[in-house]
Amino acid sequence: MEGNRLVKLLLKDKLGLIGVALMIFFIALAVFAPLIITHDPQTQNYSSDGKLLNMAPPSSEHILGTTKMGRDVFSQVVAGTRVALVVGFTCALMVTVIGTVIALLAGYFGGWVDDFLMRATDIIYGIPFLPFVMIMVAVLGPSIWNIIIAIVLIMWRTTTRVIRSEVLSIKQRTFIQAAKLNGASSLRIVFRHVAPNVIPLALVFGSLAMGQAIVTEASISFLGYGDPMLISWGKILYDAYIAHAITEAWWWVIPPGLAITLLVMSGFFVSRSLEEILNPRLRR
Amino acid sequence: MSGLPWFIGKRILQAIVTLFILITLLFFMFRILPGDPTTMFVDAALPVEAREAVLAQFGLDKPLHEQYWLYMKNFIQGDFGMSFTSREPVMDVIGHYILPTVFLMGSTILLAVIVAIVLGALTAWYRGTKFEAIVVSIALFFRSAPIFWIGMVALALLSHRLNLFPIGGMYDPGKDTSSFFGTYFNLEFIHHLLLPSIVGAAYYVANPMLVMRSSMIEIMEDDFIELSRAKGLKERHVIFRHAVRNSLLPVVTEIALLVGFAIGGQVLLEVVFNWPGIGRLIVDSIQRNDYPVAQATFFLMGVIVIFLNLVSDILYGYLDPRVSYK
Amino acid sequence: MTNSLLEIKNLRTCYKSLDGLVWAVDDVSFTIEPGETLGLVGESGCGKTTIIKSIMRLLPRGAFSSGEISLKGTNLLDLSIPEMRKVRWDKISIISQSAMNALDPVYKVGDQIGEAIRTHTTATKTDAWKRAEELFALVGIDKARLNEYPHQFSGGMRQRAIIAMALALNPDVIVADEPTTALDVVVQAQILKRIRDLQKKMNSSMIMVTHDISVVAETCQKVVVMYAGKVVESGSVKDVFENPYHPYTMGLKNAFPNIKGDKFDLISIPGYPPDLADPPKGCRFADRCPFASDICFVEQPASEEVKVGHMVACHHIDSIDEIREQAKKHDTWAKLDKELA
């Protein structure tokens, strides 16, 4: 599918458009964060008469109010966008590449290569995702990179399974047989002929992976294992939970959760659009 | 060799192999990583003899392959050492927390699956209507939101504000939890079970629902569906005996994926709702550096996932004769 | 008045599509006598499948039919849906086109045949199974295979199983919907022969829906030639094949090879059928017809009887000898191909 047609079809789908728009919005937020934030996210703020602004409701000074320690919620949420996007995109990229390569090798070469790789995938399926990341982080230390690696180590499994099925059906197509007859080497066939055809499907799973990675990192931070040096949306919710803010400070609880929801939703919308484009039967 | 019994046998074998590999993985995970592996088992606060006893039991002073053998043996026998915090055998500690998790996870997944199948069939049937758009959007919203956040907001609104549900926990304070029936088979338990189950189900419903929907859409176009009508069958027989029955197959696979994923969600649900299950246990034990308990709980979770995957594999083989009868 | 088994009178069927109303079947009439095989022939999209769906009342949501479809005197279009369900399979059954997908993959073949039987009779499971065994004997499949699932059958075997299922209730009419399209030539001949033998045995009537005119020549006594939703020519196979009147019929004959006859170049009919959401005012075949004149583009030809039982809808019936002569020549059609290009 050429890029042009892809763009045209994507445009016709309203939900897909919303998804792309949301993503662009968050990227802009992350890139321009230093310009957008109103206060330093770590600074504790005091009222004019010297009192700590403990869970102060939204005001003109603090658009989304303050935390228990007087920190500006709005600035924290904006700052958290960077972490979310870095985690999301990095994991999505790594998961897609690893998952696709393994799927290509397993699907195309078949035989013991396939058996071995798919057994490995089955085993990874037996490992509970979040607990694994928790244990890795507990043992290795709560740095953001440890979190990313732990996530990627498990998350490639879904991509691999689905792309492998796709590779199996592409393998039968005549243009592949033709390339073989022309004497092309296996590796060349796999990467020059088969791979481009699975890229659309890989993109579908990439956008899903982004969302899942972001939620996983948020969950880890919520449980208290987040990177202490960074502000992430999950960590904001962790602070809020510890401070029992649920009942008292909705402005502290709602925005970070909503931000996660919207960013992940945008990933879903985009991937659904891509999927409908790829599978015409799902279209109206 | 074909037929359902062979299929089941093969799958059980695979599951056992996966279990062994999981244990192996755990074994290496704690040894390859930086730090002194003995701290995983031996509490530095213990007196010397006790420490040496544990070292001996897990063979931490012996060569690697002997350690591995001892480790495997211990795990299979369910002997995970002693908890650092409570000084009890780990299995005893964990024992109390298993049932609550089983109940919560079970009710959550059951609710999610039933709602997913019904909504999936309905959105496929009423395709292109506002109903479909609204249902799908709501499901996606809940799927995108972090489960712990939905829980927090639900607690704030429905429990604190509106007093519809208790504020977490599995039972009210002061309850006598000594008897099994007393604890689980009463309305109070169900009342406590409801909100976390609903929150969890709302979170999980989207994927199986969408799979059911697209599966129905494809199946409804198949020739045998029209032929069923041509045979003079009543419409509800066409829908349920033929369309839904065939559409369920990909949903079963999806449920298997869901389960592996739900363990993580379970951890978060238990933390937010203060539910005394193994999810909350693993969080607490890591926090307290009670490594034997953490390790064993993780292993137990792996066992649950592998077991549930096995069940869904077998169910799939039963539902789709193309897989088991070659 | 008539003793015909099935009588279609002025049938019109309309679909609702994104482009508006589509009259897929426009004023079609024909009859079938007991024991007779009628060929319903035409290109894809000419309306033959829609006629079948109209007879069985299996049209999609939003589609509707008008006219008369009388089976032994009862107008099927007047029946309620529950009443129609009783007619389905019991009086009219279908041998469908793609045996590939016609059977439910998750039930045993025996159970599926049994399902058809038990929907219409009071037979028990055992009775139905026994009947299925008889049917399998008729089509030459080992009865043990009733216990198997569709994917375990070969293609040809699946087709025979479908035929067995169609015969289960000894229907008055069997519709064979392109029964040989998906099969290779050798198996095609076998299946056709089997269908013919069984039909004779059961004394059912048959509607053979196909785009392959040679199949009609081999198996049918009557033929109805359709184009763009209308009947262009109909009559006994002998009359229509030996003395075709409509240029489209002649074009069809040219397009299909005949192993036995003289060698001749295959001539295909150039162009494409019209869009039925916006059909042409005059004769629908006009823009692809080498013999069209002005009147053809303006006025729809009425159906005329050129011989007893032989109907044709064409403005140029009188010049038939000249037309027949020209139609055999390659140039006649090739000229049009250039014009249309």
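These exercises work through the chain contacts, a helix, a sheet and a single residue of a predicted model.

**Exercise 1. Find which pairs among chains A, B and C are in contact, and which pair shares the most contacts.**

Step 1. Count the touching pairs. There are 2 pairs of chains in contact.

Step 2. Look for the pair that fails. Chain A and chain C do not touch. Their nearest C-alpha atoms lie 11 Å apart.

Step 3. Rank the touching pairs. Chains A and B share the most contacts.

**Exercise 2. Describe the side of chain B that touches chain A: its residues, elements and classes.**

Step 1. Take the residue counts. Chain B gives 37 residues to the contact, and chain A gives 34 residues.

Step 2. Assign the chain B residues to elements. At least two residues each come from α1 (4-32), α5 (130-144), α6 (147-161), α9 (206-220), α11 (235-272), α12 (278-287) and α13 (291-319) of chain B.

Step 3. Sort by class. This side of chain B has 27 nonpolar, 9 polar and 1 charged residues.

**Exercise 3. Do the same for the side of chain C that touches chain B, and name the element that gives the most.**

Step 1. Count again. The contact draws 23 residues from chain C and 19 residues from chain B.

Step 2. List the elements. α2 (81-87), α3 (99-102) and α4 (109-120) of chain C each give two or more residues to this side.

Step 3. Pick the main contributor. α4(C) gives the most, with 4 residues.

Step 4. Sort by class. The side of chain C that touches chain B has 10 nonpolar, 7 polar and 6 charged residues.

**Exercise 4. Summarise the fold content and confidence of chain B.**

Step 1. Count the elements. Chain B has 14 helices and 0 strands.

Step 2. Check burial. Of the 326 residues in chain B, 43% are buried.

Step 3. Check the contact range. Take the contacts in chain B with a separation of 6 or more: 69% of them join residues 24 or more positions apart.

Step 4. Read the confidence. Mean pLDDT for chain B is 82, with 87% of its residues at 70 or more.

Step 5. Find the extremes. Helix α7 (residues 180-184) of chain B is lowest, at a mean of 67. Helix α10 (residues 223-230) of chain B is highest, at 91.

**Exercise 5. Decide whether Ala202(B) is buried or exposed, and list its contacts beyond four places in sequence.**

Step 1. Place the residue. Ala202(B) sits in helix α8 (residues 187-204) of chain B.

Step 2. Apply the cut-off. A residue is buried if 20 or more other C-beta atoms lie within 10 Å of its own. Ala202(B) has 22 C-beta neighbours inside 10 Å, so Ala202(B) counts as buried.

Step 3. Find the partners. Setting aside neighbours within four places in sequence, Ala202(B) contacts Phe142(B) and Ile150(B).

Step 4. Compare sequence with space. Ala202(B) and Ala116(B) are 86 residues apart in sequence. Their C-alpha atoms are 9.7 Å apart.

**Exercise 6. Test the length of helix α7 (residues 185-202) of chain C, then locate its buried side.**

Step 1. Predict the span. At 1.5 Å a residue, the 18 residues of α7(C) should span 26 Å.

Step 2. Compare. The end C-alpha atoms of α7(C) are 26 Å apart, which agrees.

Step 3. List the buried residues. In α7(C) they are Ile191(C), Ile195(C) and Gln199(C).

Step 4. Check their directions. They cover an arc of only 65° around the axis, so they lie on the same side of α7(C). An α-helix has 3.6 residues a turn, so residues three or four places apart point the same way.

Step 5. Find the packing partners. The buried residues of α7(C) pack against β3 (37-41), α6 (155-167), β7 (173-177) and β8 (205-210) of chain C.

Step 6. Turn to the other face. The face away from the buried side of α7(C) carries exposed residues Val186(C), Lys193(C), Asp197(C), Lys200(C) and Lys201(C).

Step 7. Look past the end. Just after α7(C), Asn203(C) has a positive phi of about 55°.

**Exercise 7. Build the 4-stranded open sheet of chain C, with its order and pairings.**

Step 1. Write the order. It is β2-β1-β4-β5 (chain C), with antiparallel pairing.

Step 2. Mark the edges. β2 and β5 (74-75) of chain C are the edge strands, each pairing on one side only.

Step 3. Join β1 to β2. β1 (residues 6-17) and β2 (residues 20-32) of chain C pair antiparallel over 10 bridges. A hairpin of 2 residues links β1(C) to β2(C). Tyr15(C) stands opposite Val22(C) in β2(C).

Step 4. Join β1 to β4. β1(C) and β4 (residues 64-71) of chain C run antiparallel, with 7 bridges. In β4(C), Ile69(C) is the bridge partner of Ile8(C), and Leu71(C) is that of Leu6(C).

Notes:
Residues numbered from 1 in each chain as written. Chains lettered and ligands numbered in written order. Predicted model: local features only at pLDDT ≥ 70, side-chain atom pairs only at ≥ 80, totals over all residues. Contact = placed C-beta atoms within 7 Å. Nonpolar A, V, L, I, M, F, W, Y, C, P; charged D, E, K, R; others polar. Pairing = 2+ DSSP bridges. Buried ≥ 20, exposed ≤ 12 C-beta atoms within 10 Å, placed from the backbone. pLDDT = per-residue confidence, 0-100. Expected span 1.5 Å × (residues − 1). Arc of directions from axis to C-beta.
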